[in-house]
Amino acid sequence: MKFNTKTIHGGQEDIDPAYGSVMPPIYQTSTYKQSSPGEHQGYEYSRSANPTRTALEKAIASLENGKHGLAFGSGLAAIDAVMKLLKPGDEVISTNDLYGGTYRLFNSIFKNFGIKFHFIGMSNPDEIETYVNTNTKMIWIETPTNPMMNIIDIESVAQISKRHNLKLVVDNTFATAYLQQPLDLGADIVMHSATKYLGGHSDVVMGTLALKDDELAEKLYFIQNASGGIAGPMDSFLVLRGLKTLHVRMQRHCENGRAVAEYLAQHPKVDKVYWPGFKTHPNHDIAKKQMKDFGGMVSFTTKGNKHADAVQFVENLKVFTLAESLGGVESLAGHPASMTHASIPKEEREKTGVVDSLIRLSVGIEDEEDLIADLKQALEA
């Protein structure tokens, strides 16, 4: 199956043997009848497994060219499950340009359990090896990163992880499997905040994992069941519905993202624009190699780098909505310094480029002329 067909049919064989419904039913049940103790039709309790969630997990595995998929109550719950593969004394190498919630989970929760994290720049993968020691167990990357759109060479990092017997985990939220497939590039686990592009309609909170390795999957299924951070059947249904239009939505996100980035780049009040499609963007060649297109996420700063200017800009937007999150059909705008990255100390966030005037746009699928007109009036105001 080609990707566009997979979004609709991948992993979806024999979903509903009862009545042949085209969409997987919402099995809104906590438990299942057993004919004898321990004898059932594959389901006994919905924390362990639910038919609607299973249908989604199979679809996620299919899209990422994996064998196994897992769905959790949020993206952070999925990350939490991955971290529970580790034990006190283990070390993780992570990119320093990281979603604020991931940084908070690593630095404020798992650090207290004796896991050490190294937050480093990964634009040059060779620098990663200088941090590898006998305690290193995992490399965690985002690409493109949030919110600076930095590009990390997944294939090169995978070679390093294999050389040192480490697990490579890739947060693929910004790109989705439509643009890049990290498992095919050597990653061990792919994580998504399915709240974003996979759901696509800003109506669900969920996280997913996809992987190929049977033994690793068995450990994660155990953690999923034992810790209980599972996705519910209604949320699973909503993301399954969202997946079926992922390819057409992503195509428009990319088209509109390009138009917005090019408009901002020539505006006299804009200082820097961060979008992987520009030839001048750091590691643009890597993005061109490992991605199908460059996505709908664009960040930029205004001249003068004033916090007040950034706040005034986002308050004046009419079509773009000032809101947390990203990846919905509607365009959203955020101010990372006071929103998504507020949990990162100012000194630390500014080292990675998250300055006071930085604005992050999630470019939706509206008419591009309306989006550009909105940016124009907000910048002029």
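This briefing goes through the sheets, the cavities and some single residues of the structure above. The model is a predicted one. One open sheet has seven strands, and another open sheet has five. The structure also holds three cavities of 30 Å³ or more.

**The seven-stranded sheet**

- Strands of a sheet pair through backbone hydrogen bonds, and the pairing can be parallel or antiparallel.
- In the open sheet of seven strands, the order is S1-S7-S6-S5-S4-S2-S3, and the pairing is mixed.
- The edges of this sheet are strand S1 (68–72) and strand S3 (116–120); each has a single partner strand, so one side of each is left without a neighbour in the sheet.
- From one strand to the next, the twist averages 20 degrees.
- Strand S5 (residues 167–171) and strand S6 (residues 189–193) run parallel and are joined by three bridges.
- Asp171 has Met191 in S6 as its bridge partner.
- Helix H4 (residues 100–109) packs on this sheet, where it touches strand S2 (91–95), S3 and strand S4 (136–142). The direction of H4 makes about 145 degrees with that of S3.
- Helix H5 (residues 154–163) lies across S4 and S5, and runs at about 155 degrees to S5.

**The five-stranded sheet**

- The open sheet of five strands also has mixed pairing, with the order S8-S9-S12-S11-S10.
- Strand S8 (270–274) and strand S10 (321–322) stand at its edges; each has a single partner strand, so one side of each is left without a neighbour in the sheet.
- Strand S9 (residues 297–302) and strand S12 (residues 359–362) run antiparallel, with four bridges joining them.
- Met297 has Ser362 in S12 as its bridge partner.
- Helix H11 (residues 307–316) packs on this sheet and touches S9, S10, strand S11 (332–334) and S12. Between the direction of H11 and that of S12 there are about 25 degrees.

**The largest cavity**

- Rolling a probe the size of a water molecule over the atoms shows where empty space is left.
- The largest cavity holds about 50 Å³ of space.
- Its lining is made up of Lys6, Thr7, Ile8, Gly10, Gln12, Ala59, Leu63, Leu240, Leu243 and Lys244.
- Helix H1 (3–9), helix H2 (51–63) and helix H8 (233–243) are the elements that give two or more residues to this lining.
- H1 gives the largest share of the lining, three residues.
- By type, the lining of the largest cavity has five nonpolar, three polar and two charged residues.

**Met1 and Ser236**

- Met1 belongs to the segment before H1.
- With a relative accessible area of 60%, Met1 is exposed, because the cut-off for that class is over 50%.
- Apart from neighbours within four places in sequence, Met1 is in contact with Lys6, His9 and Gly10.
- Met1 and Ser62 are 61 residues apart along the chain, and their C-alpha atoms are separated by 9.7 Å.
- Ser236 is a residue of helix H8.
- The relative accessibility of Ser236 is 0%, so Ser236 counts as buried, a class that takes values under 20%.
- Apart from neighbours within four places in sequence, Ser236 is in contact with Thr52, Arg53, Leu56, Met206 and Ala231.

**Backbone details in the loops**

- Pro144 lies in the loop between S4 and H5, and Pro147 has its place in the loop between S4 and H5 as well.
- A cis peptide bond leads from Thr143 to Pro144, with omega near -10 degrees.
- The peptide bond that joins Asn146 and Pro147 is cis, and its omega is about 10 degrees.
- Asn165 is in the loop between H5 and S5. Phi of Asn165 is near 60 degrees, a positive value in a residue other than glycine.
- Asn165 counts as exposed, at 66% relative accessibility.
- Asn283 is in the loop between S8 and helix H10 (284–290). Asn283 is not a glycine, yet it has a positive phi of about 60 degrees.
- Asn283 has a relative accessible area of 24% and is partly exposed, because this class lies between the limits of 20% and 50%.

Conventions:
Residues numbered from 1 in each chain as written. Predicted model: local features only at pLDDT ≥ 70, side-chain atom pairs only at ≥ 80, totals over all residues. Heavy atoms only, no water. 1 Å grid on protein atoms, 1.4 Å probe; cavity = no way out; pocket = protein on both sides within 12 Å on 5 of 7 lines; lining within 4 Å. Points joined across faces, edges and corners; volume = space filled by probe spheres on them. Nonpolar A, V, L, I, M, F, W, Y, C, P; charged D, E, K, R; others polar. Buried < 20%, exposed > 50% of the residue type's maximum accessible area, 1.4 Å probe, protein only. Contact = heavy atoms within 4.5 Å. Pairing = 2+ DSSP bridges. Axes fitted to C-alpha atoms, helices over the stretch in contact; angles between N-to-C directions.
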